[in-house]
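Subject: Structure handover

Hello,

Here is the structure we talked about, with the sequence alongside. My notes follow below it.

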Amino acid sequence: MSSASQTTNHDEIRRWIEDRQGTPSRVKDSGEGGILRVDFGEPEEALEPIEWDEFFQIFEKSDLAFLHQDKTEDGKLSRFSKFVSRS
C-alpha cells in the first residue's frame with residue numbers, strides 16, 4: 001500500500017516537482033494570486049506557467065500544504081499531488 005506525505009518545505013516541494021519534469025503553474029483567469037497547479041507537460045490550455053518565486057508567494061499567502069506521493073503501489077514514480085489547507 002502506498003501513502004502520501006504532506007509538506008510546506010519549499011525545497012522539498014520544488015525537488016519533488018522537478019524530479020517529475022513538472023513546472024509551477026496556475027489556472028488562467030483565476031483572479032488575484034490564482035489557483036496553483038503543477039504542469040507535467042501534457043497540454044492544458046487552462047494553465048499558465050509562473051516562476052517559482054510567484055508560486056511560493058501564492059502558496060504561503062493561501063496558507064497551503066503540499067500533499068504528495070513518492071511511489072505508486074507497484075513501486076513506480078508517482079505524480080500524485082494536491083494542494084491542501086494547512087488548517
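At what angle do the axes of α1 and α2 cross, and within what distance do they come? The model is predicted, and in it the two axes cross at roughly 125° and come within 12 Å. An angle of that size is neither under 35 degrees nor over 145, and it is outside 65 to 115, so α1 is oblique to α2. The crossing of α1 and α2 is right-handed.

On the α1 side, the contact is made by H10, I13, R14, I17 and E18. On the α2 side, W52, F55, F56, F59 and E60 take part. Sorted by class, the contact of α1 with α2 has 6 nonpolar, 3 charged and 1 polar residues.

Next, the core. The largest nonpolar core has 15 residues. Those with the most contacts inside this core are I13, I17, L36, F55, F59, F66 and F83. At least two core residues each come from α1 (10–19), β3 (36–39), α2 (52–61) and β5 (64–69). The largest share, 5 residues, is supplied by α2. I13, I17, F55 and F59 are thus named twice here: they are among the core residues with the most contacts, and they also take part in the contact between the two helices.

Two residues of the 64–69 stretch may be worth reading together. Leaving aside neighbours within four places in sequence, F66 is in contact with S5, Q6, T7, I13, W16, I17, V38, F59, S81, K82 and F83. H68 is placed in strand β5. Is H68 buried or exposed? Its relative accessibility is 3%, under the 20% limit, so H68 counts as buried. Not counting residues up to four places away in sequence, H68 touches S3, A4, S5, T7, E12, W16, F80 and S81. S5, T7, W16 and S81 appear in the contacts of F66 and also in those of H68.

Last, a loop residue. L77 lies in the loop between β5 and β6 (81–85). With a relative accessibility of 48%, L77 counts as partly exposed. Which residues does L77 touch, not counting those up to four places away in sequence? They are D19, R20, D70, K71 and T72. V27 is 50 residues from L77 along the chain, and the C-alpha atoms of the two are separated by 25 Å.

Regards

Methods. Residues numbered from 1 in each chain as written. Predicted model: local features only at pLDDT ≥ 70, side-chain atom pairs only at ≥ 80, totals over all residues. Heavy atoms only, no water. Core = buried A, V, L, I, M, F, W, Y, C linked by side-chain atoms within 4.5 Å. Buried < 20%, exposed > 50% of the residue type's maximum accessible area, 1.4 Å probe, protein only. Helix = DSSP H or I, 4+ residues; strand = E, 2+ residues; numbered from the N terminus. Contact = heavy atoms within 4.5 Å. Axes fitted to C-alpha atoms, helices over the stretch in contact; angles between N-to-C directions. Left-handed = near helix turned anticlockwise from the far one by under 90°. Nonpolar A, V, L, I, M, F, W, Y, C, P; charged D, E, K, R; others polar.
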